[in-house]
Amino acid sequence: MSTQNPDDIPHRKVLYGRRHGRPLRKGRLEVLDNLLPTIKLEAPKDGSRLDVSGLFDQPMRDLWFEVGFGGGEHLAWHAERNPDIGFIGCEPFINGVSSLLKHIEQGGQRNIRVVPDDARPILDALPDASVGRAFVLFPDPWPKARHAFRRFIGPDNLPRLSRVLKDGAELRMASDDMQLARWMLEHTWRHADFEWMAEGPADWRTRPEDWPATRYEQKMLTGCRPVFLRFRRRPRQ
């Protein structure tokens with residue numbers, strides 16, 4: 001049996017996917033220069049845990065976390081409607097970051113902190129049971145079998161999410177790729193800390209009222225109906 005530390009396996013420290021897309025227009029570059037530094041969040045370099053009570057200008061009743069926010073429509077929508085909840089959004093694709101920043105510039109949300117990078121270091125820096133809801137929506141499906149380990153939901157990151165989620169907190173996932181949807185469902189369902197909230201087919205076929213469509217979803221890139229997965233963090237023993 002191998003005694004290699006999982007954290008020493010090279011691929012688990014690598015962030016896959018695009019960092020840049022089309023050249024950004026002047027307005028997008030300006031928000032990256034001017035707005036991002038004021039709300040950017042980084043994991044402490046000394047390996048300590050973040051003080052979530054000091055992340056925002058005023059006390060927040062809860063903290064929600066989005067992995068890979070894409071263009072930021074979903075994150076901005078929730079932050080606007082829940083000004084007493086703090087949000088952390090992670091997205092390494094700089095074009096998506098600039099899109100969220102434009103939403104914030106126009107909407108004036110003051111309860112968002114942005115991680116323009118990998119979500120894993122921030123997850124590792126959050127205190128235990130500090131997050132009331134987490135979102136992983138339409139992540140890259142990595143359809144080739146040899147790339148399956150790159151999928152965010154799986155053996156590497158479900159323990160991370162389990163640790164930071166409060167008892168009873170909700171993990172929301174979505175995909176229009178059926179292979180990935182089955183993968184996320186199976187891995188999360190098999191994890192002892194998560195309970196699937198679905199009671200019938202409508203629960204994964206129908207979008208909840210407080211679940212806005214993302215720009216990616218509205219484009220219907222794959223032509224498939226999205227699958228909406230909701231899991232609850234079981235109480236700690």
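A pocket here is an open set of points on a 1 Å grid over the protein atoms alone, with protein on both sides within 12 Å along at least five of seven lines. What you're looking at is a predicted model, where local features need pLDDT of at least 70, side-chain atom pairs count only at pLDDT 80 or more, and totals for chains, interfaces and linings use all residues. Residues are numbered from 1 along each chain as its sequence is written, and side-chain values use heavy atoms, with hydrogens and water left out.

**Pocket**
- The second largest pocket has a volume (the space filled by probe spheres set on the points) of about 160 Å³.
- Its lining residues (an atom within 4 Å of a point) include Phe56, Arg61 and Lys166.

**Sheet**
- Seven strands (DSSP E runs of at least two residues) make an open, mixed sheet, ordered S3-S2-S1-S4-S5-S7-S6.
- At the edges sit S3 (112–115) and S6 (194–196), each pairing (at least two DSSP bridges) on one side only.
- S2 (residues 85–90) runs parallel to S3, with four bridges between them.
- Across from isoleucine 88 you'll find arginine 113 in S3.

**Confidence**
- pLDDT, the predictor's confidence in each residue from 0 to 100, averages 89 over the chain, and 87% of the residues score at least 70.
- Residues 1–11 fall below 50.
- Where pLDDT is low, don't read the predicted coordinates in detail.

Conventions: On a 1 Å grid over the protein atoms alone, a cavity is a set of points where a 1.4 Å probe fits but cannot get out, and a pocket is an open set with protein on both sides within 12 Å along at least five of seven lines; lining residues have an atom within 4 Å of a point. Contact means heavy atoms within 4.5 Å.
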